[in-house]
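Student: Please take a close look at one loop residue of this chain, and then set it within its wider surroundings. I would like the cut-offs behind each term stated as you go.

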Amino acid sequence: MSEWAVETDNLVKTFGTFVAVDHVSLRVSNGEIFGFLGPNGAGKSTTIRMLCGLLTPTSGRGLVKGVDVALEPERVRRSIGYMSQKFSLYDDLTVEQNLDFFAGLYGVSRKELRSRKDYVLKMANLAERRHDMTATLSGGWKQRLALGCAILHEPPVLFLDEPTSGVDPIARGAFWDLIRDMAATGHTIFVSTHYMDEAENCHRLALMYSGRIIALGAPADLKRMLDTRVLLQLETSAPLDTMKVLENATGVGEVAVFGAGLHVEVDELDSGVETISRLLSQAGIEISRIERINPSLEDVFVALIESEERKT
């Protein structure tokens, strides 16, 4: 048994002159929930498709359970579960018929089929919907069915490519409950997302931007990267005008939109609050809230992206 569930060493994928994945190196432990966090176009899906044996790396190396994805892609595909953003289900089949179809693709034996289907239907809470047409299911239920189809053959490693994209928050939460339950039984979960709240569920994260990993670690460790900075939650009567007023202000660093308010980085708490209050008062902008907060993953990601862009 390989020490690592997933390994990459300087993995690269180019399309013509475009570098989609730029020398990505990482190791994922067995039984780990490993998250790929980043905006659309960061290279997350391309990396996952290489690790699933669906794309051939341009250079570098990728291993899944010790098997080289470039040399033995078929062997890799037989040993993993893969769930794409589009769910890859057949709307004109029932829930159970979809399970039967994917069981055939994965080579699940007749002897195991009934027990595996019963397990999946129970796990995904789909037993009472087994005869429903897949086209009639909501996004959340389709998501559960797609996960069930991906694990019919009991794969040790499961790749989930933005599995909650377009699904409502309640369904997203229920789906992550299933992921945590699967990891608790020994499955390795490799999941990509652009939702910062979901990333908190991962044991470790790789923050990806422009094809490269710009930070790697546990969520708590990544947030500690900003512990030396003072971060303020600022809510005003005119957020966009506030950003313009604070741009290049002495003692004020990055200003980013977060929800209905702003996150503002300052050099020092008291002087920073005084500077912001004075400048906004002069501009006729009313402050409804200003207080120090702990950095979130989104703050870390924004700070890292800003740092990367300053290098270009």
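Tutor: Ser 210 is partly exposed, with a relative accessible area of 44%, where buried means under 20%, exposed over 50% and partly exposed anything in between, computed with a 1.4 Å probe on protein chains only. The model is a predicted one, in which local features need pLDDT of at least 70 and side-chain atom pairs count only at pLDDT 80 or more, while totals for chains, interfaces and linings use all residues. Residues are numbered from 1 along each chain as its sequence is written, and side-chain values use heavy atoms, with hydrogens and water left out.

Ser 210 sits in the loop between strand 9 and strand 10 (212–217); helices (H or I, at least four residues) and strands (E, at least two) are DSSP runs numbered from the N terminus. Its phi is near 55°, a positive value in a residue other than glycine. Glu 162 likewise has a positive phi, of about 45°, without being a glycine. Glu 162 lies in the loop between strand 7 (157–161) and helix 6 (169–184), and at 5% relative accessibility it counts as buried.

On the other side of strand 9 (204–209), the loop that leads from helix 7 (196–199) holds Asn 201, which is partly exposed at 24% relative accessible area. Neighbours within four places in sequence aside, Asn 201 is in contact with Ile 33, Trp 176 and Arg 180, contact meaning heavy atoms within 4.5 Å. Its C-alpha atom is separated by 9.5 Å from that of Asp 177, a residue 24 places away along the chain.

Turning to the interior, Leu 207 is among the residues with the most contacts inside the largest nonpolar core, together with Leu 147, Leu 160 and Ile 189, and that core has 48 residues. A nonpolar core here is a set of buried Ala, Val, Leu, Ile, Met, Phe, Trp, Tyr and Cys residues joined through side-chain atoms within 4.5 Å. If neighbours within four places in sequence are again left out, the contacts of Leu 207 include Leu 37, Ile 213, Ile 214, Leu 222 and Phe 301. Another core lies apart from this one; it has 25 residues, and Met 208 is one of them, as are Val 21, Met 50 and Val 157.

Val 21 also appears in the pairing of strands, as the bridge partner in strand 2 of Lys 13. Strands count as paired if DSSP finds at least two bridges between them; strand 1 and strand 2 have eight, in the antiparallel sense. These two strands form a hairpin with two residues between them, and Gly 16 in the turn has a positive phi of about 65°. Strand 1 (residues 4–15) also pairs with strand 4 (residues 59–64), antiparallel over five bridges, and Thr 8 stands opposite Gly 62 in strand 4. Four strands thus form an open antiparallel sheet in the order 2-1-4-5. Strand 2 (18–29) and strand 5 (67–68) stand at its edges with a single partner strand each, so one side of each is left without a neighbour in the sheet.

As for empty space, the search of the whole structure finds one cavity of 30 Å³ or more. On a 1 Å grid over the protein atoms alone, a cavity is a set of points where a 1.4 Å probe fits but cannot get out, a pocket is an open set with protein on both sides within 12 Å along at least five of seven lines, and lining residues have an atom within 4 Å of a point. The largest cavity holds about 130 Å³, a volume being the space filled by probe spheres set on grid points joined across faces, edges and corners. It is lined by 13 residues, and those closest to its centre are Leu 231, Glu 254, Glu 265, Asp 299 and Ala 303. Strand 12 supplies four lining residues, the largest share.

The largest pocket has a volume of about 380 Å³. Among its 18 lining residues, Arg 77, Tyr 82, Phe 102, Leu 105 and Tyr 106 are closest to the centre. Helix 2 (73–78), strand 6 (80–83), helix 3 (95–106) and helix 5 (139–150) each give two or more residues to that lining.

For the chain as a whole, there are eleven helices and 14 strands, and of the 312 residues 49% count as buried.
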